[in-house]
There are 6 protein chains.
Amino acid sequence: MQSAETETLIRRALAEDIGSGDITTSCTVEPGATGKGRIVAKEPLVVAGIAIARQVFWAVDSNLDIVLLVQDGSRSMDGDTLLKVSGDLATMLMAERTALNFLQRLSGVATLTRAFVDRVAGASVRILDTRKTTPGYRFLEKAAVRAGGGYNHRFGLYDGVLIKDNHIASAGSIRRAVEAVKASKPHDLRIEVEVETMDQLAEAMEAGADVIMLDNMDLATMKEAVHQASGRVVLEASGGVTLDNVGEVAATGVDLISVGALTHSARAVDISMEIEPAF
Amino acid sequence: MQSAETETLIRRALAEDIGSGDITTSCTVEPGATGKGRIVAKEPLVVAGIAIARQVFWAVDSNLDIVLLVQDGSRSMDGDTLLKVSGDLATMLMAERTALNFLQRLSGVATLTRAFVDRVAGASVRILDTRKTTPGYRFLEKAAVRAGGGYNHRFGLYDGVLIKDNHIASAGSIRRAVEAVKASKPHDLRIEVEVETMDQLAEAMEAGADVIMLDNMDLATMKEAVHQASGRVVLEASGGVTLDNVGEVAATGVDLISVGALTHSARAVDISMEIEPAF
Amino acid sequence: MQSAETETLIRRALAEDIGSGDITTSCTVEPGATGKGRIVAKEPLVVAGIAIARQVFWAVDSNLDIVLLVQDGSRSMDGDTLLKVSGDLATMLMAERTALNFLQRLSGVATLTRAFVDRVAGASVRILDTRKTTPGYRFLEKAAVRAGGGYNHRFGLYDGVLIKDNHIASAGSIRRAVEAVKASKPHDLRIEVEVETMDQLAEAMEAGADVIMLDNMDLATMKEAVHQASGRVVLEASGGVTLDNVGEVAATGVDLISVGALTHSARAVDISMEIEPAF
Amino acid sequence: MQSAETETLIRRALAEDIGSGDITTSCTVEPGATGKGRIVAKEPLVVAGIAIARQVFWAVDSNLDIVLLVQDGSRSMDGDTLLKVSGDLATMLMAERTALNFLQRLSGVATLTRAFVDRVAGASVRILDTRKTTPGYRFLEKAAVRAGGGYNHRFGLYDGVLIKDNHIASAGSIRRAVEAVKASKPHDLRIEVEVETMDQLAEAMEAGADVIMLDNMDLATMKEAVHQASGRVVLEASGGVTLDNVGEVAATGVDLISVGALTHSARAVDISMEIEPAF
Amino acid sequence: MQSAETETLIRRALAEDIGSGDITTSCTVEPGATGKGRIVAKEPLVVAGIAIARQVFWAVDSNLDIVLLVQDGSRSMDGDTLLKVSGDLATMLMAERTALNFLQRLSGVATLTRAFVDRVAGASVRILDTRKTTPGYRFLEKAAVRAGGGYNHRFGLYDGVLIKDNHIASAGSIRRAVEAVKASKPHDLRIEVEVETMDQLAEAMEAGADVIMLDNMDLATMKEAVHQASGRVVLEASGGVTLDNVGEVAATGVDLISVGALTHSARAVDISMEIEPAF
Amino acid sequence: MQSAETETLIRRALAEDIGSGDITTSCTVEPGATGKGRIVAKEPLVVAGIAIARQVFWAVDSNLDIVLLVQDGSRSMDGDTLLKVSGDLATMLMAERTALNFLQRLSGVATLTRAFVDRVAGASVRILDTRKTTPGYRFLEKAAVRAGGGYNHRFGLYDGVLIKDNHIASAGSIRRAVEAVKASKPHDLRIEVEVETMDQLAEAMEAGADVIMLDNMDLATMKEAVHQASGRVVLEASGGVTLDNVGEVAATGVDLISVGALTHSARAVDISMEIEPAF
């Protein structure tokens, strides 16, 4: 039930921005004054969070009339209107910044994801996010990744198995770690193992891993890994992937490419609101 | 009382990452196994959020021993250890990603702020943040700005007056907007007015504004504004300020420069955790 | 976003009054029985919290029909009807006491404030509240003060600067305290300093204070302070102000008079509800 | 579990006072500076809420050393120290006002209750509170009443039966209302009926009421009611009871006297805090 | 105000079942697809919680059309439809299990209660629940008991007096415990005492107990207790009551029989949902 | 982060039981009186929730001394002591019922699970729970299943794929449903399909299902399904499994047996607390 979580996040965001009230607006805008506003893209972008922007306005004033002109995943150009709002001017002004803060940030994630996805167009590979999300935004940012054409890795530690170096060290070996997981894990989860060398790859495959993450391998080694795996396991490339090299990584033949930057380093895209008081 | 808010944010972040439990760790790490971990900078950075990282570990396991080797505002180099932790291995692994997610993001804000501040070293000017923060992170991101040597603009709509175009349009004129605010606003707040032209600047000064925000003015006009104001009001430059041009903006003689990118577009800095199980 | 806070307060208030249910009503009132009620002033008063009373009824039963006959700030006489409600009898009875508890208390604050304001009618002075509010009621009680014609001092420690004796002692002197504040405070706040003597007044003015609070000064000293200040700073009288002496305090020429009793010692005004079951 | 509720109330109170931080203190008090404080009665009073005052300090800073010199119910004189605190100066200043706001208000309730109780000393009668409490403070104010020597009426609609005029009108008669309640109410509750006349008193007694509330009766009628009841039911006097007439009401021989003013109109007692920075 | 509590419980239940989303449904059901569903009894049962089932559906999707065909307390046969729902197919599938989990469990309590009540039909005795409820479900389970024809014992420690062995040991004797309670307890509560022997019964009656709980007495002793009490106090049988022996217990003439199993050991009744996608 | 959820559940449970206070105890037990208590099994059982019982005591009084004599999963006999507590008598009495309510219920689940597990001892099969849990108790009841030797099915709709009849009907066929899931689901989840016939089994295997749930099949058909699958997919038996027939179901050779009754119909086991006041 993410909707309740999102509602809580929106209320908290409005609380921190509005607090005991909007002093400037309450002094300068007549009670009852109305107006119209448009949220407009100021650069090419992929939309994410448009329904959340609407939810922000409605959280401040459920009587505002709102029309969405795009949906999550839409590509918009500089100058495109994304959302129209009309009604009470004061509440519109109070919601403006928080609505934009959500929308610019989430659309930033979708836009960056789409750039990665476009670079690997034609290849049979998924662009994946990671757990490197803004704390409290896991669900929203992963939805933004999907809006940009990406796929989601596990949501958290609870819905996927990923055996990393520390787990291997604790269990004693890759084989023992995989066996320990097989004995206890829910039957509906696959087992993924992170490896750094070809030897580890071989050991993981022999132990029965379903998915293998190639951690920070160079392109040549990745290619060899794809050759070794020859389709018997799913391969995920991870580490150091950028817009510049993602095409070459895809060309190695891996099945999945995960990119932390999608969520931890997307810049906000430029979106602004134009408001016109009615007289 | 931000500490309670932060505690809530941390608990929510851990809930979304850990959910019903860390399957991999519970299968591979013996109950009671211990270990040691170090959080290490992987590039030069300014630290922010180090106490929050500690709080994340303690929220998962209050028995972990933690030593902070830096404080917010510290400059660290690639390879510097920021925090040491020892104790239960499983809980350390469960807290790792969330602690890093907070720390990388907030240190990213501090590091970018410091870059702006360093560019205007010597000038008598403050680098300011804006309200363009991650919803729910206003307090934390503004603290990160301070850690980077910046100053805070108002926290929200409730603790400062900023008369913008819509307020002016609603009130009828700059003069009428300023008068309306003077009549009602708390006596302990100054009045700031956003202007786009030299005429508006003159009108705002005459109306009795204390601070004037120069919105998206070019450098020449800004310089003229500084000349006109001649110290009688505080001037803030806003809009389109980058690392490339902030030095020139400062050279115009304005008192304050606000930069939205400090909080809306800082990339996460590279910080990782190295864990060593004990045997 | 005070509306969410108020909603929480109302829900909590209803929870503590209704708990597991209204035993008497559930035993004696037929399910589906309807009725009409009127909330009536039993003495002359100034209304505050009328919308909250309505919100209480709606929190128990969103189907109740409610008409407000006054608004916050209205002066009502003994016998005036403030609110009419009709609909389900049982839910009306369950909401009655909580609605009245809010309304009597907040109207008490507005009524007392209005008495102070009326005593200084004609003088160019503001009657201000303080931070001596019922914990959890800061926003509601400050709104009640405004309903009574008063003005608000800062809402809390976060939206205003007030340098008191302990701050001065810590900083070393009034001058050093003012300088320390100037160096770090947000640029949109003024600086207020609390003083007890004419020497301190002079020092505070010289240090650049914008507002000076005259703490517990006698009328003669206050008058001298007004003379000394001669309009260069804003002066606030504070301490020991009552309905009996507020006129004389205003006559000294101070700009602001703050009165803790507005919120910490207003008695509840007499308001009752008359309900008539329908047959 | 009132402790969790109280903790929530305290956190909310601190949040509304401190918000994003204490600007003045953070500018003027050195980090790490320490001090000592004393909370002192400035008039004769009965203490209530002293442990809550301590809880407020600890909610801001759990490292403050606090000594309570009184307990709830203690009578203190002008000048008596109630609580001593030492430790971090900044956190002490941040907690001061909220701690006092709780303490002055609750001690005000206890002090007023004690005044009523003292007026009826010697009589075998209980002074009772009502449901006319500050919303959200039911538990705290009822504890303050007990600290002042009073007794509690039911906490809410859920833990006592009180048949009032509307219940009687809905049920058809006193007899039918009492019978309806007997048939359904939990077996461990008594039945109380509110009456305005001697006829109603007779009807309520005949119907089997355990307790009868005499609503706004004059002293003569009350005396007659006591005579009629002759100990077969418990009698409660209610309405218009003041410090001036409570002695006469008690002299009629009723068992219980309820006074709404104990909680809805007690003024805050004068208590202040004296702080001394350490050097 | 139980409605807010129930809402919270429902949201929490949906959160734990749906979490970050229903993967299977989102992959297989077209957005916008609609359907119809029926909740059907698969065995004879007494309904409880039907409105909560509806609330669960509406918490997921407030646009679902829902018709209730029964109400709490209705007896349904195998095959009877209890609720019809139509609208969005995906949200219906997401709410299904949680709605059934509430309904099966609460109807289980009502059904078991009804079985006890039916066994004592004709006798003038109440079947009571206890405080042995599922933590967090006190209100809902006690409502289910009433739906099954049972009565509620006190809701908690706060709305009834029940003096047990430990209270007696602490006070020194039954007499002293009863006297201590009389001196302090709210005047609207009766006093119940738990006894194990005829001597204790006599002592409790003499001390002035209103209700006496006969703890784990055999049938013969119970009968003797009824004889001794001869209507002067209310008697409650408690301990070891089953469907097999409840008739004999009632035949002893006690007024109340409390049964922990009503809430702590009722099995879920068989109820299922049949859904038909629309094409 | 289930610990925060559990803490919330405990606080809510205590709130509903204790509310405004334990009247009986506060009247009869001297402040400061101490005592010792033991929680004792009154029948053979498997323990679950013992740490939660301790957490309940500590939530009421963090100063109680508590010793656990068993851990979750321990088998205890009638008369065995599970937990010892000593300290303040009043708080011990206030926590008693809530602690027992958790412990009896969760141990009931563990005990019933263990009975199922013991019946299939020797067979290579897992006993699984379902999503038929008490709303709000998913995590606790699934932990109790593990304490009884069972395994967990998916926690909710978010961490596993289970294609049921409605998903198949919506997608058009088993094949199309499986393909749709493959295209979108996270790569670390397996695909489980529910089938009722041998034809569906064949179709699901051909479509590439990883796990197949045999829904309400008779023993003969189940055996044939095992033969058909011959180890290429994992098989789960579901529907109508009881203690009487679980051995036969296991003997068919299925890999998993899921039993809704483990959580929806376990009776509370008999556990009581013996308290001894100290003198």
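In which helix of chain C is Leu100(C) found? In this predicted model, Leu100(C) belongs to helix α4, which covers residues 89-119 of chain C.

**View 1. Leu100(C) and its surroundings in helix α4 of chain C.** The relative accessible area of Leu100(C) is 1%, and because buried means under 20%, Leu100(C) is counted as buried. When neighbours within four places in sequence are left aside, Leu100(C) is in contact with Ile39(C), Ile271(C), Ser272(C) and Met273(C). For a sense of scale in this view, the C-alpha atom of Leu100(C) is separated by 20 Å from that of Thr113(C), a residue that stands 13 residues apart from Leu100(C) along the chain.

**View 2. Arg138(C) in contact with residues of chains C and D.** Arg138(C) lies in helix α5, made up of residues 138-147 of chain C, and with a relative accessible area of 2% this arginine is buried. The side chains of Arg138(C) and Asp17(D) are joined by a polar contact of 2.7 Å. Beyond neighbours within four places in sequence, the contacts of Arg138(C) include Arg131(C), Thr133(C), Phe155(C) and Gly156(C) from chain C, together with Glu16(D), Asp17(D) and Asn101(D) from chain D.

**View 3. Leu235(E) in strand β10 of chain E.** Strand β10 takes in residues 234-238, and Leu235(E) within this strand has a relative accessibility of 3%, so Leu235(E) counts as buried. Neighbours within four places in sequence aside, Leu235(E) is in contact with Leu201(E), Ile212(E), Leu214(E), Ala225(E), Val226(E), Ala229(E), Val254(E), Asp255(E) and Leu256(E). The C-alpha atoms of Leu235(E) and Ile257(E) are separated by 8.7 Å, although the two residues are 22 residues apart along the chain.

**View 4. Chains A and B about their rotation axis.** A turn of 180° with a shift of 0.0 Å along the axis lays chain A on chain B with an RMSD of 0.0 Å, which is the relation of a two-fold axis. Among the residues of chain A, Arg267(A) comes closest to this rotation axis, its C-alpha atom being at 3.5 Å. Because 100% of the interface residues of chain A are also interface residues in chain B, the copies meet through the same surface.

**View 5. The fold and surface of chain A.** Chain A has 11 helices and 12 strands, and its C-alpha atoms fill a box of roughly 75 × 35 × 25 Å when taken along the principal axes. Of the 279 residues in this chain, 62% count as buried. Considering contacts in chain A between residues at least 6 apart in sequence, 69% join residues that are at least 24 apart. Chain A exposes about 10200 Å², of which 47% is supplied by carbon and sulfur atoms. The chain carries 28 positive and 38 negative charges, and the mean positions of these two sets are 3 Å apart.

**View 6. Pairs of chains without contact.** Chain B and chain E do not touch, and their nearest C-alpha atoms are 9 Å apart. Chain C and chain F are likewise joined by no contact, with their closest C-alpha atoms lying 9 Å apart.

Technical notes:
Residues numbered from 1 in each chain as written. Chains lettered and ligands numbered in written order. Predicted model: local features only at pLDDT ≥ 70, side-chain atom pairs only at ≥ 80, totals over all residues. Heavy atoms only, no water. Helix = DSSP H or I, 4+ residues; strand = E, 2+ residues; numbered from the N terminus. Buried < 20%, exposed > 50% of the residue type's maximum accessible area, 1.4 Å probe, protein only. Contact = heavy atoms within 4.5 Å. Polar contact = N/O pair within 3.5 Å; in protein donor to acceptor, adjacent residues only side chain to side chain. Least-squares fit on C-alpha atoms with pLDDT ≥ 70 in both. Areas by Shrake-Rupley, 256 points an atom, 1.4 Å probe, with all protein chains shown as cover. Lys, Arg positive; Asp, Glu negative; His and termini not counted. Charge placed at Lys NZ, Arg CZ, Asp CG, Glu CD.
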